[in-house]
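Colleague: I should be grateful for a close look at a single part of this model, described pair by pair and then placed in its surroundings. Please begin with one pairing between two strands and work outwards from there.

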Amino acid sequence: MAEKIIELKNIKKTYDNGFTAVTDFNLYVNKGEFITFLGPSGCGKTTTLRMIAGFELPTEGEILLNGKDIANLPPYERPINTVFQRYALFPHMNIYENIAFGLRQKKLPEETIRRKVKRVLELVDLEGFERRSVATLSGGQQQRIAIARAVVNEPQILLLDEPLGALDLKMRKEMQLELKSMHDRLGITFIYVTHDQEEALTMSDTIVVMSEGRIQQIGRPEDIYNEPKNAFVADFIGDSNIFNGIMIGKLKARFAGGEWSCVDDIPEGTHITAVVRPEDVLLTNPEDGTIQGTVTSVIFKGIHYEITVEIGKSEMVIQSVHSAKVGEKVGMRVNSDNIHIMVAEDNTNYFTVDINSKFRLEFNGNVLDTSVTKILKGSKRLEDGTLVDANGDAIDPARTKIIASIQPQDMDMTDHIEDGLVDGYIKNLIYKGDHYSYVVHTEHGQDFVVDDEDLWNMDDHVGLIMPVEKMEFKVRR
Amino acid sequence: MRLSRKALGIPYAIFLVLFVAAPLLVLVYFAFTNGKGQFTVANFTGFFTDPNTLGTLFYSLCIALVTTAVCLLIAYPTAYFLAKSRFHRNGVLIMIFVLPMWINFTLRITALKEILTLIEGNLAYFPFLNSVIGMVYDFLPFMILPLYNTILRLDDSLIEAAKDLGANDRSAFFKITLPLSMPGIISGVAMVFLPSMTNYVVLDMLYNSTYIMGSLIGSYFSAYNWNGGSMIALILLAIICIFTILTGGDEEENRRMGGSLL
């Protein structure tokens, strides 16, 4: 049984301006573990790290270090050291003084300091650098000194805040391995923060995936990759094809315009999210595939080809050692145990809308009665017609994806096909006590869940009325 | 035909020769000659043997030292607060400190004179104190601005790193913040110390009849003693040079720090 070194209980951090950076954060870390907080920028990972270091105080909750609450201790009273994102080496001191800084605070004798500095410089492979000034070091060397300066204090926990972010790719790969071996040698608990999923998978014993201030999943790298808990994790870790769909029978799901057998036993009629890894899709002749589509792009990636296949309105990305031709009709199969099915968090319908050349939003060929500038916070149209975001950077409509969402109860069905934003056939209905829940399948292979009090029949052709004011929009680039 | 770089430099070269090199040479010439144009070092030895001139030098140094120290003591916390406060971005606060510089110097000192008279009754009671107050009032922005710029650029993560490594607030300030604000302190001191040795207008206007270096040169010149006055100016120049070299005198730095808002 591993020994807990630090435990975060119900941590919440709300800033003075009302922004909640972290909420509902519960985690324990075992002694000697290499744990990584992984998530996109603004997910709260750095804030959490700063609370452990003592630079921020949690609004609520406890941080227990070996069972003692340290949440309100100042940083200099915690046996925890940090490697900062941009190293934060003291420019007015030489390497020796930088590394000795922490030891001097403890008022150790000079002889001990000299010995420890020498040893830690050997550890990071920079023997003889004592008298050098910070400015003469390369990025990678500064990185090592920053690590040396932290570990020389023999902290119980070492915090690393995106320490490799400023290095080039080759250097980063080298340092990843070096950090890992340093962790093994030192036996110190490492808490590492990164937005780089590959880095996290390579180095960590445990990964904590975070998004919007919450923990999405905690697990070993393999588990996080193979069994993502929700669509966010699946999307963030590795390449994935993610589809919204519905269970249509026992171990049977429909998504991406096809019916698939799967291994997850989820009740019929449940809205689901299906994840298929690109390397798990098998290309076949059109007639042998579970679904069919047209190849739209083939990119050679060295050890494999990345093939994009258009299936109605959705896309499947496939990694294959065999090439395909653009425009070719292909079939696709996926082994049932490679289809990962998750219950959708709610029945919200998600769909992609396009930005047209006039910067209006368009769905299914219909222009929506709202403007791009309203959806993209802080964006504005310039006089020359380009669209810029809050930072003044140009927004390329072709590379900006807008995901719209709408709740089932906010949608309506109509017999007058032309009144709807999109039309389709009713493929499933379940009585939910006071209303019916329908699944409408559009000709582009999309499924919409619609709640309605009236009874319609299976295979009725209906138009879907989706009021723009009920939609929510999110931007993905 | 395109102008070559050399051709573009000609006006500046002319300017330098006419207004920098030539006056300096004239100054050196006068300093080392007597009234008849003969070479002499009497002006030099005279300066260092005359108790009056030495007294003036001492008095000037006292005024300059006290002024600089007071400026630094007021400016550092002010600049620190301005740079670290969350309002620093709109620049309004720093403007409040810079704004007086846009009002005519004599007008400001006249106003100060009235205020001091009101408080003290008669300015003659505290001539030294009044002069220092006038100098500080006049030179404070020149101390605040370079300090503000230095502290503003100071990376907060360095202070966090110090605390992370076990330094408390006090220790982090003295080991990290203060040493890293040295460039600003040096620029500020250079911009306050040297002018306050010579700015005799402040003394004149505040009815302090004691001479400082500036008034001393003025008195020599008004008595048509060009040679003695030149020597004092030259000695002052030498003091400035020594000071600049001692403080690591980075002109580039001074201009960058002070010039950005001036």
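Modeller: In this predicted model, Leu429(A) stands opposite Tyr438(A) in β29(A). The two strands concerned, β28(A) and β29 (residues 436-442) of chain A, run antiparallel and are joined by seven bridges. They form a hairpin with four residues between the strands, and in this hairpin Gly433(A) takes a positive phi near 95°.

Strand β28 (residues 422-431) of chain A also pairs with β31 (residues 461-465) of chain A; here four bridges join the strands, which again run antiparallel. Two of the facing pairs may be named: Gly424(A) stands opposite Val462(A) in β31(A), and Tyr425(A) stands opposite His461(A) in β31(A). As a general matter, strands of a sheet pair through backbone hydrogen bonds, either parallel or antiparallel.

These pairings belong to an open sheet of five strands in chain A, whose order is β27-β31-β28-β29-β30 and whose pairing is antiparallel. At its edges stand β27 (412-414) and β30 (447-452) of chain A; each has a single partner strand, so one side of each is left without a neighbour in the sheet. On average, neighbouring strands of this sheet are turned by 45° against each other, direction ignored.

The hairpin strands also take part in enclosing a cavity. A search of the whole structure finds two cavities of 30 Å³ or more, and the largest has a volume of about 60 Å³. Its lining includes Asn428(A) and Ile430(A), together with Lys432(A), Ser437(A), Tyr438(A) and Val439(A). Tyr438(A), the residue opposite Leu429(A), is therefore both a member of that facing pair and one of the lining residues of the largest cavity. The other residues of the lining are Ile246(A), Gly269(A), His271(A), Asn347(A) and Val449(A). The elements that give two or more residues to this lining are β28 and β29 of chain A, and β29(A) supplies the largest share, three residues. By class, the lining of the largest cavity has five nonpolar, five polar and one charged residues.

Further out, chain A meets chain B. The contact takes 21 residues from chain A and 18 residues from chain B. Between them the chains bury about 1,700 Å², 62% of it on carbon and sulfur atoms. Glu160(B), Asp164(B) and Leu165(B) supply 40% of the area that chain B buries against chain A, more than any other three residues.

Residues of both chains also line the second largest pocket, among them Phe55(A) and Pro75(A) from chain A, and Tyr80(B), Lys84(B), Asp156(B) and Glu160(B) from chain B. About 330 Å³ of space lies in this pocket. In chain B, α3 (51-84), α7 (156-164) and α8 (169-180) each supply at least two residues of its lining. The lining of the second largest pocket divides into six nonpolar, one polar and five charged residues.

Chain B itself has 13 helices and zero strands. Its C-alpha atoms fill a box of roughly 70 × 70 × 35 Å, taken along the principal axes.

Technical notes. Residues are numbered from 1 along each chain as its sequence is written. Chains are lettered from A and ligands numbered from 1 in the order in which they are written. This is a predicted model: local features need pLDDT of at least 70, side-chain atom pairs count only at pLDDT 80 or more; totals for chains, interfaces and linings use all residues. Side-chain values use heavy atoms; hydrogens and water are left out. Two strands pair if DSSP finds at least two bridges between them. Axes are lines fitted to C-alpha atoms, for helices over the stretch in contact, and angles run from 0 to 180 degrees between N-to-C directions. On a 1 Å grid over the protein atoms alone, a cavity is a set of points where a 1.4 Å probe fits but cannot get out, and a pocket is an open set with protein on both sides within 12 Å along at least five of seven lines; lining residues have an atom within 4 Å of a point. Grid points are joined across faces, edges and corners, and a volume is the space filled by probe spheres set on the points. Ala, Val, Leu, Ile, Met, Phe, Trp, Tyr, Cys and Pro count as nonpolar, Asp, Glu, Lys and Arg as charged, and the others, Gly among them, as polar. Contact means heavy atoms within 4.5 Å. Buried area is the accessible area (1.4 Å probe) that two parts lose on being put together, summed over both.
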